[in-house]
Structures are given as C-alpha cells and as structure tokens.
Amino acid sequence: MEHQALYRKYRPKNFEDVIGQEHITKALANQVASGKLGHAYLFTGSRGIGKTSIARIFAKAVNCENNHNGSPCGECEVCKRLDGESDINIIEIDAASNNRVDDVREIREKVKFMPVGAKYKVYIIDEVHMLTDSAFNALLKTLEEPPAHVIFILATTEVHKLPATILSRCVRFDFRLVSVVELTKLLAKIFSEEGVKYEEDALRLIASAGEGSVRDTLSIADCVISYSENIVTKDNVLKVLGTTDYDLLLRFYDLMADKDIGGVLSFVDELDKTGKNLSVFVRELSKHARNLLVVSSCERPNEILNLPEEVFEKYKVQASKLEEKKLLSFMQVFAGAENELRYTLSPRLLLETLSLSAMLGDSVENAKKN
C-alpha cells in the first residue's frame with residue numbers, strides 16, 4: 001500500500017478535529033448554524049496551522065444537508081462528494097502560480113455559474129498576497145459584491161502585503177501557532193492509532209521542533225518513525241533533528257555560570273570532535289537562555305515551557321545562578337551568531353570567542369571582532 005504522509009492522512013474532517021484554533025472554528029460553526037454567512041473571508045497566519053483545512057471544512061459545512069451545530073456531518077451525499085479533491089463546487093487556486101490579472105478575470109467569469117448539487121460555490125485562494133496589483137484590482141468588485149451563491153476564502157501567510165481595499169471587504173480571522181501541549185497530545189493520539197511505541201519526552205521534542213505548525217510537526221514525526229522503526233525514543237529524535245539534549249545545554253551553561261574558561265573550551269572541543277552542527281547548537285543555546293529567563297521571571301513558567309518535571313527542576317536551579325541581565329546578554333550573543341557560523345571558515349573558533357566573551361562580560365561587537 002502506498003504510504004500517505006501523516007499530515008495528509010490526519011487532516012481534520014470537521015471543526016471538532018481542528019486543534020489550536022477554537023476561536024475561529026467556533027465562530028465559523030456559529031455562522032453556519034445561524035445561516036448568517038459572509039461573502040468573503042480572510043484567513044491569515046503562519047504555515048501549517050490549519051488555514052486551508054478549515055477553509056475546506058467550512059466549504060463543506062455551508063453546503064452540508066445535515067450539519068451538526070455548524071460542523072459538516074460527513075455522511076450526507078453532499079459531504080461525501082465535496083470530500084473529493086476534484087469537486088467543481090470547491091475551487092482551490094494557488095495565487096503563487098495563478099497571480100495574473102487574466103487568472104482573476106477568469107474567476108470573475110466563472111462565478112456567474114450556479115453550483116451543481118450544492119448551495120454554494122466556494123473559492124479558496126491560497127497565498128493570496130502573491131497576486132499582482134492589477135489582479136487585486138480586478139478582484140475588488142467581485143469580492144465586494146459576489147453572486148449570492150459564491151463565497152470567497154482568501155488565505156495568506158503575509159497579510160501585510162494585501163491592499164487595504166481587499167482587507168476592508170473580508171471577515172478576517174487570525175490563526176495562532178499551536179501550543180506544544182496540544183501538539184504533544186495530537187502526536188500521542190496519532191502514534192497510538194499507527195501502532196507506534198514512544199517515549200513522552202520524544203513527543204515533547206518533536207512538538208517543540210514543529211514550532212507551532214501542525215504540518216511541520218507531523219512531517220518531523222514521519223521522519224522520526226521511519227528512522228526509529230516504530231519505536232520512537234528521545235535519543236532517536238535528537239539524532240534525526242540534530243538538536244541538543246537538555247543535559248548538554250545545562251552542562252554548558254553551568255560552565256558559563258562558573259566562568260570556567262577551560263571547561264568551556266574543552267566542551268566545544270568535545271562537540272567538534274563528535275561532529276555536532278555548531279550552528280544548530282548555537283540556536284539551541286539562545287533558546288536555552290530564553291527558557292531560563294522564562295523560569296526566572298514568569299509566575300508559571302512550565303505552562304509556557306512544558307518541560308518534563310525533572311528537567312524543569314534542573315532549569316530552576318540553573319536559572320537561580322544567572323542574573324536576568326546576563327541571560328539577556330547570552331540570548332543576544334548566540335541569536336546573532338547562528339548565520340555567521342554557517343559561513344565562517346572556523347566555526348569552532350567563532351563559537352569559542354563568542355562564548356568566552358559573553359561569559360566574561362565583553363560586548364557582542366567586541367566578541368565578533370576578536
């Protein structure tokens with residue numbers, strides 16, 4: 001049987017299956033249930049967090065013969081037909097490759113035709129910010145006063161590129177990044193259904209690496225499952241991602257807190273000999289400083305970090321050793337060095353210089369000059 005990517009296999013079929021966007025799914029379901037629909041919607045937010053999935057669900061819901069509190073039933077003939085990728089009543093357009101004024105004029109001609117076996121024709125225009133200025137102008141009139149049987153859904157990752165004239169004609173929904181907690185629960189559910197054994201720490205690492213994107217998280221999970229042969233461990237995840245173990249980061253920052261010059265140099269030597277990607281390590285160092293700052297300054301830090309309890313206790317101990325001003329300095333030094341490490345002729349020397357300069361109190365600029 002042909003393998004299907006997890007993010008496609010587990011794409012949500014109704015509003016209840018969507019995670020992290022309850023503020024949007026509830027509003028859309030209420031509109032469907034009450035029959036008070038808009039004619040143009042704008043979905044904006046980062047990649048892989050549900051914009052297109054919710055657009056498809058909404059397109060089914062407005063046409064469903066027996067919706068359940070505004071969510072498509074998935075059982076009626078209309079729902080089954082609309083599940084097909086080629087249904088003529090749901091038209092998906094990629095504005096990145098169909099961004100000319102002629103493409104929009106073609107839409108304007110086709111919206112006149114009634115839907116076939118459904119209440120509405122729904123146009124989903126993905127990456128709408130890629131349209132040319134003339135294409136946006138051609139879309140304006142149709143977007144403002146489309147036929148009663150047409151609904152437009154515009155999706156974009158770069159809403160700031162849309163003209164104000166387009167924004168003012170749409171009902172806007174801003175999508176949020178999905179939390180590590182919600183992504184971890186989703187992974188646990190999917191792994192269980194797939195018959196994959198896993199460690200809880202491994203799921204947290206995958207969810208954290210997804211950085212709020214459901215699609216990215218499930219793509220990473222696919223890679224990890226293939227590598228791990230259906231037994232997903234923390235060590236396997238670290239190997240696939242190239243990321244750094246908690247204990248390694250804690251050990252490095254203990255050396256920094258103690259101002260142990262020899263220890264830091266030996267640590268970097270050890271990393272270099274094991275073939276660790278130093279650019280990835282520096283990114284993790286910056287993130288670790290930020291996490292310690294969260295621990296030292298927030299009231300309920302682990303609700304933000306979602307670390308295993310035993311790891312969180314180690315973070316608390318380490319955060320007590322470092323002043324907030326020092327942590328901010330570490331964040332600035334390591335966040336600014338990642339790109340430089342990719343192109344420098346001596347990544348090890350640059351990492352050593354930056355680490356020691358930050359540890360001993362020199363400025364970032366002085367560290368780079370050295």
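Accessible areas here come from the Shrake-Rupley method with a 1.4 Å probe. The model is predicted.

**Exercise 1. The chain as a whole**

Task: State how much area the chain exposes and what share of it carbon and sulfur atoms supply.

Solution:
1. The exposed area of the chain is about 18700 Å².
2. Carbon and sulfur atoms supply 48% of that area.
3. Of the chain's 370 residues, 48% count as buried.
4. Along the principal axes, the C-alpha atoms fill a box of roughly 75 × 45 × 40 Å.
5. The secondary structure consists of 20 helices and 7 strands.
6. Among contacts with a separation of 6 or more, 74% come from residues 24 or more positions apart.

**Exercise 2. Charges**

Task: Find how far apart the centres of the positive and negative side chains lie.

Solution:
1. The positive set has 48 side chains and the negative set has 55.
2. The centres of these two sets are 4 Å apart.

**Exercise 3. Gln-318**

Task: Decide whether Gln-318 is buried or exposed, and identify the side chain that it joins in a polar contact.

Solution:
1. Gln-318 belongs to helix α16, which covers residues 309-319.
2. The cut-off for buried is under 20% relative accessible area.
3. Gln-318 has 1% relative accessibility and therefore counts as buried.
4. Beyond its neighbours within four places in sequence, Gln-318 is in contact with Leu-250, Tyr-253, Asp-254, His-288 and Leu-292.
5. With Asp-254, the side chain of Gln-318 forms a polar contact of 2.9 Å.

**Exercise 4. Helix α19**

Task: Check the span of helix α19 (residues 347-360) against the value expected at 1.5 Å a residue.

Solution:
1. The expected span is 1.5 Å times one less than the number of residues.
2. Helix α19 has 14 residues, so it should span 20 Å.
3. The end C-alpha atoms of α19 are 20 Å apart, which agrees with the expected span.
4. In α19, 10 of the 14 residues are buried, so the helix is mostly covered.
5. The buried residues of α19 include Glu-352, Thr-353, Ser-355 and Ser-357, and also Leu-350, Leu-351 and Met-359.
6. Gly-361, just after α19, has a positive phi of about 100°.

**Exercise 5. His-160**

Task: Locate His-160 and classify it as buried or exposed.

Solution:
1. His-160 sits in the loop that runs between β4 (150-156) and α7 (164-167).
2. The cut-off for exposed is over 50% relative accessible area.
3. The value for His-160 is 64%, so this residue is exposed.
4. In sequence, His-160 and His-129 are 31 residues apart; their C-alpha atoms are 8.4 Å apart in space.

Key
Residues numbered from 1 in each chain as written. Predicted model: local features only at pLDDT ≥ 70, side-chain atom pairs only at ≥ 80, totals over all residues. Heavy atoms only, no water. Helix = DSSP H or I, 4+ residues; strand = E, 2+ residues; numbered from the N terminus. Buried < 20%, exposed > 50% of the residue type's maximum accessible area, 1.4 Å probe, protein only. Contact = heavy atoms within 4.5 Å. Lys, Arg positive; Asp, Glu negative; His and termini not counted. Charge placed at Lys NZ, Arg CZ, Asp CG, Glu CD. Polar contact = N/O pair within 3.5 Å; in protein donor to acceptor, adjacent residues only side chain to side chain.
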